Amino acid sequence: KTVGADEVQVLRKMLADYLAHYERNDDSLINKIVGAYSSSLCKDPFIVMMSTFPLQKDIAMHEVYDLKGSMHGREIKEKEKRAKVVIYKDNDFDSNPQRAFKLSNEKRTWFLGRLKADVEFLRRHQLIDYSMLLGIHFRDKKADLDIQSTNGIEAREGVQEVYYCEI
């Protein structure tokens, strides 16, 4: 992802706390940044991040959402629906009666705890323009995918969904 020089400075300033956050919260939802680089081949600096979504070909993302927590103008446009990869937005998520985080109480508690710790980290660094990228994989009941080897969050028993998310 290309970034501005000011964003690189913010990253450098918070790097020690970013690393400490991951030491305390190894299951953080904040995207893991591998490095920040500049090159004569690229006009802008860029950062390399780990992929949120698993790279196994048998684990497809059937729906992807970019959730910001705002409703103003946060729905997909008609022309965006024809794209190869469709990324839905907040209003699309809220208006779909089938769409919700269908977690067990235990996983819900874990998820909200992760979210709270991560949002607190972002608040401390006065980072307010962020979103949650959510990918949903609909499991085939016959398939025995190794979800444990990914960062997927399985839905409650009886629901064939796995969630992949990052902030």
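Let's start with one residue: Met132 sits in strand S5. Keep in mind as you look around that this is a predicted model. Is Met132 buried or exposed? With a relative accessible area of 11%, Met132 is buried, because buried means under 20%. Met132 also has a partner from elsewhere in the chain: Leu67 is 65 residues away from Met132 in sequence, yet the two are 5.0 Å apart in space, C-alpha to C-alpha.

**The whole chain**

Now step back. The chain has 167 residues, and 35% of them count as buried. Its secondary structure comes to three helices and seven strands. If you read along the sequence, you will meet them in the pattern α-β-β-β-β-α-α-β-β-β. The C-alpha trace spans about 50 × 40 × 35 Å along its principal axes.

**The largest pocket**

What is the volume of the largest pocket? It is about 750 Å³. The pocket is lined by 25 residues, and those closest to its centre are Lys1, Glu7, Ile47, Asp129 and Tyr130. Three elements each give two or more residues to this lining: helix H1 (5-24), strand S2 (42-49) and strand S5 (132-138). You have already met S5 as the home of Met132. Which element gives the most to the lining? That is H1, with six residues. As for chemical character, the lining divides into 17 nonpolar, two polar and six charged residues.

**On the surface**

Next, look at the outside of the model. Val34, Tyr37, Val48 and Met50 form a nonpolar patch there, and together they have about 370 Å² of accessible area. Met50, one of the four, lies in the loop between S2 and strand S3 (63-67). Its relative accessible area is 48%, so Met50 counts as partly exposed, a class that runs between 20% and 50%.

Another loop residue to find is Gln126, in the loop between helix H3 (105-124) and S5. Gln126 has a positive phi of about 55°, although it is not a glycine. Is Gln126 buried or exposed? Gln126 is exposed, because its relative accessible area of 69% is over 50%.

Here are the three residues whose accessibility we looked at, side by side.

| Residue | Relative accessible area | Class |
|---|---|---|
| Met132 | 11% | buried |
| Met50 | 48% | partly exposed |
| Gln126 | 69% | exposed |

Try finding each of them in the structure above, beginning with Met132 in strand S5.

Methods: Residues numbered from 1 in each chain as written. Predicted model: local features only at pLDDT ≥ 70, side-chain atom pairs only at ≥ 80, totals over all residues. Heavy atoms only, no water. 1 Å grid on protein atoms, 1.4 Å probe; cavity = no way out; pocket = protein on both sides within 12 Å on 5 of 7 lines; lining within 4 Å. Points joined across faces, edges and corners; volume = space filled by probe spheres on them. Nonpolar A, V, L, I, M, F, W, Y, C, P; charged D, E, K, R; others polar. Patch = residues over 30% accessible without salt bridge, like charges linked within 9 Å, V, L, I, M, F, W, Y side chains within 5 Å. Areas by Shrake-Rupley, 256 points an atom, 1.4 Å probe, with all protein chains shown as cover. Salt bridge = Lys/Arg side-chain N within 4 Å of Asp/Glu carboxyl O. Buried < 20%, exposed > 50% of the residue type's maximum accessible area, 1.4 Å probe, protein only.
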